[in-house]
Amino acid sequence: MKVINKLIPILISCGVLFSACNKEDKLDSKSVFVDSEIPKNALDNYLYNNYTKPYNVEILYKYVDKESNMTYRLVPAPYESSIRLSKLMLFLVMEPYSEVVGSKQFLRDNFPKVITYTGSVPVQTNGVIILGTAETGTKVSLYNLLELNEANGKNPEFLTNGFFKTVHHEFQHILNQNKPYPSNFKEITGLGYVDDEWNTTYTSVGAAVAAGFVSPYASKADTEDFAELYSFYVTRGQAEFDAILNSSGSTAAGRTLILSKLAIVKSYMKSEWGIDMDMLRANIIARYPQLNTFDQTTIN
Amino acid sequence: MKIKLFILAISILSLSVSCEKKMDKIFDENPTDRLNASVADVYSTLQSNKDGWVVKYFPSSALEFGGYTLFAKFNNLADVTFEGDLTTLAPQTSTYIVVPGAGPILTFDTYNRIFHYFALPGYFNRNAAYQLPGFLTAQIGAVNEGMKGENDFLVTKASGDSIVMEGRKSYNKVVFLPIKSNEASTIIASYRAAVAKFHAFSNYRFEAGTESFPATFATAATKRALLIAGNAKPYAYRYTPTGLDFYTEYDVNGVKFRELKYVEPTGAYSKGYFTNDAETIKLVPGT
């Protein structure tokens, strides 16, 4: 009897508990996320077929405020310039890697996942401009598409400095975040890294070279140094690369430091990723003369 | 035992009432559905007027560059075509999108040479390639900011008789008014004619009652915002076929006005003047 006396309240409580909160509405069968009804244009289709499907890369050629840098006043990229850049990047970046490695899978696995295009460049209050930025190796922002016209689209120097050096640089960050480079790299100019004072410490390329850096920015940190060496090397022919190393103010001692670091970068790319940087470079620069007749605007 | 029963009773009571607090809904739809509906509504309203919209556009939160009349036509779900009273440049087509945010956000998301001129930093607008024929031929605004125009606008009202939005950075109000079919073929020319006529004026003074207040341009290059002594905020306006349409209601010597109509030269007013309906204030161009 006593057991029953104790059981009754427990049963009643349970009943109350089960009945008390059964007033949930059924879940709505419709999703609150509405699919876009905006018709796909020719560039949308081109990007899907040439970047998203083969490489799993999304190109945001239209301005999206949350993907943009709200610190600066920026305008969107022109549609036509977005076509030019998409075609040129395929020709000068994606295809060389795929040819040298022998498959698209390498880029599919490692290339930055989002590339954004912007028409203008971030301009600082003193008038200094920023050409490209990247966030955590997944998103690369390319600026200055306003200036990408027919003539500039044939100019390897404009394309390299404005867009593709940044792409290779950021790509290298991703690669060495996945597979670290040898620690002896940073010991070569270990005391020379100056963090955010890179642009005040080395005000010319020659001064940077004298200290063992291929560019002033390379003196920021060993990771930047590694990415700078890589991106400078694969986008330039030997004569042009040598010209940088021999810039006014440079020294033989500085050049020796740079070349010993470059040897580590090359061996890292070969041993860890199977990429011969000289082959990659040869593939890229062999395409520069073809820019004169390259069709920048036809998409199908 | 009594205490136990009492506790049990209270527990049951509290349990049974605890889930009764379902609030009455103010709206039938959930917030996301309503936001999606408002985005769809903005899309359809923008495209609803086949002759397009007169856009009262005032860049920069300080309004120092004054206002401009743009003409926008939303051709379909993706494309928009702009013309402007400030330039003779042919219509420019680019894309737009409306997305849910704090409300429907309208973004002009590919470059439009007319619309985005206002958002170009001085670094760009100093180059002839980005300038607008008939407008400025030198840098306007700071090298990093230009005229401080924007790309994104929060739509606060969308109906057939007007669309109101605010700049996401400046919070400036932008008003779209529908172009009527009987004025569609002439409206742009009439606005451009007004700019040509009134933009020549300078050395303004306000006359209110017996008092006179000299006014200078907040930005001499654009001549669309006036400063009077003792007032740090400019009185920004657009040129219209009838006179001047100000950004908001302003006050000179206690006389409030929003729009001033042009009166052709008469008597001592050799260049004419702008005045309100009651003629209690005059804005007089000097020589």
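User: How do you know where domain 1 and domain 2 of chain A begin and end?

Analyst: Domain bounds come from an automatic or database domain assignment. For chain A that assignment gives domain 1 as 45-178 and domain 2 as 180-293. This is a predicted model, where local features need pLDDT of at least 70, side-chain atom pairs count only at pLDDT 80 or more, and totals for chains, interfaces and linings use all residues. Residues are numbered from 1 along each chain as its sequence is written, with chains lettered from A and ligands numbered from 1 in the order in which they are written.

User: What makes H5(A) oblique to H9(A)?

Analyst: Helices here are DSSP runs of H or I with at least four residues, strands are E runs of at least two, and both are numbered from the N terminus. H5 (residues 156-178) and H9 (residues 222-234) of chain A pack at about 130°, their axes 8 Å apart. Axes are lines fitted to C-alpha atoms, for helices over the stretch in contact, and angles run from 0 to 180 degrees between N-to-C directions. Under 35 degrees is roughly parallel, over 145 roughly antiparallel, 65 to 115 roughly perpendicular, and the rest oblique. So H5(A) is oblique to H9(A).

User: Which residues of H5(A) meet H9(A)?

Analyst: Among them are A:Lys165, A:His168 and A:Asn176 in H5(A). Contact needs C-beta atoms, placed from the backbone, within 7 Å.

User: Which element gives the most to the side of domain 1 of chain A that touches domain 2 of chain A?

Analyst: That is H5(A), with 10 residues. The contact takes 17 residues from domain 1 of chain A and 22 from domain 2 of chain A.

Key: Two residues are in contact if their C-beta atoms, placed from the backbone, lie within 7 Å.
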